[in-house]
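Got your viewer open? Let's take a short walk through this structure, one selection at a time.

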Amino acid sequence: GLTYDTTLGYADYIGFRCGVCYEYPVFDILERKKLSLLERPLIAMDCTVTDERYMNLGTGTEAKEMLARMKKTCEKYNGDFTLLWHNTYFVDQKYSDLYIATLSA
């Protein structure tokens, strides 16, 4: 019953894994047909930007600028800035502040 998926993104670096920031139909290569499911490419994820095991940018200026740059690139091409922000990241105020800064950028 799902109408869209947003799982196609990089875990270790934010960006355009699908090459685009546009929604597109998913294709079943075995049945050779377009599905009713749409793919909304994942551009950025909270832990990818902040965590030591990935980009390790923390929650400061560098992280804010990187997320703002990705968001502006999507806007430039009238695409979608699909952001995954886990609810556990709202426990700490600095992560909430980064989230708000990203939405406001």
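Here is a tour in four stops, and keep in mind that you are looking at a predicted model.

**Stop 1: a hairpin**

Select residues 24–28, which make up strand 2, and then residues 33–39, which make up strand 3. The two strands run antiparallel, and four bridges join them. Want one bridge to look for? Pick Pro 25 and then Leu 38 in strand 3, its bridge partner. Together the strands form a hairpin, with four residues between them. Click on Arg 32 in that turn: its phi is positive, at about 55 degrees.

**Stop 2: two helices side by side**

Now show residues 61–76 (helix 2) and residues 93–104 (helix 3). At what angle do these helices pack? The angle is about 30 degrees, and the axes are 9 Å apart. The crossing of helix 2 and helix 3 is right-handed. To see who makes the contact, select Ala 63, Lys 64, Leu 67 and Lys 71 on helix 2. Then, on helix 3, add Leu 98, Ala 101, Thr 102, Leu 103 and Ser 104. Try colouring these contact residues by type: you should get five nonpolar, two polar and two charged.

**Stop 3: zoom in on Thr 102**

Stay on helix 3 and centre the view on Thr 102. Is Thr 102 buried or exposed? Its relative accessible area is 1%, and buried means under 20%, so Thr 102 counts as buried. Next, look at what surrounds this residue. Leaving aside neighbours within four places in sequence, Thr 102 is in contact with Leu 67, Lys 71, Phe 81 and Leu 83. If you like, also draw a distance from the C-alpha atom of Thr 102 to that of Asp 51: these atoms are separated by 17 Å, and the two residues are 51 apart along the chain.

**Stop 4: the aromatic rings**

Last, select Trp 85, Tyr 89, Phe 90, Tyr 95 and Tyr 99, which form one aromatic cluster. The structure holds four aromatic pairs, and we'll visit two. Begin with Trp 85 and Tyr 89, an edge-to-face pair with 6.4 Å from centre to centre and 75 degrees between the planes. Both Trp 85 and Tyr 89 are buried.

Then move to Tyr 89 and Tyr 95. Why is this pair called edge-to-face? Planes over 60 degrees apart count as edge-to-face, and the planes of Tyr 89 and Tyr 95 are at 85 degrees, so the pair fits that label. Their ring centres are 4.9 Å apart. Tyr 95 is buried, and so is Tyr 89.

Note on methods
Residues numbered from 1 in each chain as written. Predicted model: local features only at pLDDT ≥ 70, side-chain atom pairs only at ≥ 80, totals over all residues. Heavy atoms only, no water. Axes fitted to C-alpha atoms, helices over the stretch in contact; angles between N-to-C directions. Left-handed = near helix turned anticlockwise from the far one by under 90°. Contact = heavy atoms within 4.5 Å. Nonpolar A, V, L, I, M, F, W, Y, C, P; charged D, E, K, R; others polar. Pairing = 2+ DSSP bridges. Phe/Tyr/Trp six-rings, centres within 6.5 Å; stacked < 30°, edge-to-face > 60°. Buried < 20%, exposed > 50% of the residue type's maximum accessible area, 1.4 Å probe, protein only.
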